[in-house]
Amino acid sequence: METEVYNQKGKSVGKLTLPETIFGLKWNGDLVHQVVTAMQANARTPVAHTKTRGEVRGGGRKPWKQKGTGRARHGSSRSPIWKGGGVTHGPRNEKIYEQKINKKMRIKALFTVLSEKMRRGQILFVEELSLKNIKTKDAVTVIKSLSSISGFEKIIGGKKPNVYITCPAKSDALKKSFANIKTVEIDEIKNINPVDLLNFRYLVISQPKESISFLGGKIEKK
């Protein structure tokens, strides 16, 4: 499997042979769904927290005597049916949502998503991304240049997350220059995962030889 490699000006600079084990897998929706759901659950931080009837303040004595008042029987004002009482089955911040994912599943799900994006023509290989200065204007120029490549015209613009850029190591100039472009996110290849890939339409891989070598190392470590 061969693909074109471009420079950051949008010009072709050669070809690259891609490993079938990373970019040639069949789509497996069940696996991807299971891994993505588990990763989202593991990243979840419970914040909402309600108090049970044993935690709310007051209600230590019986509101009124059991009989003779003509009113319904109540034992405590902390009852869930009272205003200000405890909450029944409410959200609790000590709840654990964590799910276990084994390493082989996580890696295969990542490669499955990469393969699907490759089939759809949504992966762009760029020889190297580099900026001399921290300027958003320069980062926008790079994205505009890449949008001149056939099939990637929609890589620029829009309001939703659109472009996910990976590189072996990101400099401060790259990180800060792209930070103000809301539709673009840049990160190191070691942090690539199925959740981020599915949130963005296009994937730009900078320094593809080094990046693919790193991804290939994941297979050897399984």
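A colleague asks and a modeller answers about the sheet in this predicted model.

Colleague: What makes β4 and β5 a pair?

Modeller: Two strands pair if there are at least two bridges between them. Strand β4, residues 163-167, and β5 share 5 bridges. So they count as paired. The sense is parallel.

Colleague: Which residues in β5 are bridge partners of Ile165 and Cys167?

Modeller: Ile165 has Ile186 as its partner. For Cys167, the partner is Glu188.

Colleague: Why is β5 called an edge strand?

Modeller: Look at the strand order first. The open sheet has 6 strands, running β2-β1-β3-β6-β4-β5, with mixed pairing. β5 has a single partner strand, and so has β2 (12-17), so each has one side without a neighbour in the sheet. Neighbouring strands here are turned by 30° against each other on average, direction ignored.

Colleague: How do you know whether β5 is mostly covered or mostly open?

Modeller: Buried means under 20% relative accessible area. In β5, residues 184-188, 4 of the 5 residues are buried. Therefore β5 is called mostly covered.

Colleague: What makes the β-α-β unit of β4, helix α5 and β5 right-handed or left-handed?

Modeller: Point the strands away from you; a clockwise path from the first strand over the helix to the second is right-handed. The unit of β4, α5 (residues 172-178) and β5 is right-handed. So its path runs clockwise in that view.

Colleague: Where does helix α3 lie?

Modeller: Helix α3, residues 103-119, lies across β1 (2-6), β3 (123-126) and β6 (202-206). It runs at about 90° to β3.

Terms used. Residues are numbered from 1 along each chain as its sequence is written. This is a predicted model: local features need pLDDT of at least 70, side-chain atom pairs count only at pLDDT 80 or more; totals for chains, interfaces and linings use all residues. Side-chain values use heavy atoms; hydrogens and water are left out. Buried means under 20% relative accessible area, exposed over 50%, partly exposed in between (1.4 Å probe, protein chains only). Helices (H or I, at least four residues) and strands (E, at least two) are DSSP runs, numbered from the N terminus. Axes are lines fitted to C-alpha atoms, for helices over the stretch in contact, and angles run from 0 to 180 degrees between N-to-C directions. Contact means heavy atoms within 4.5 Å.
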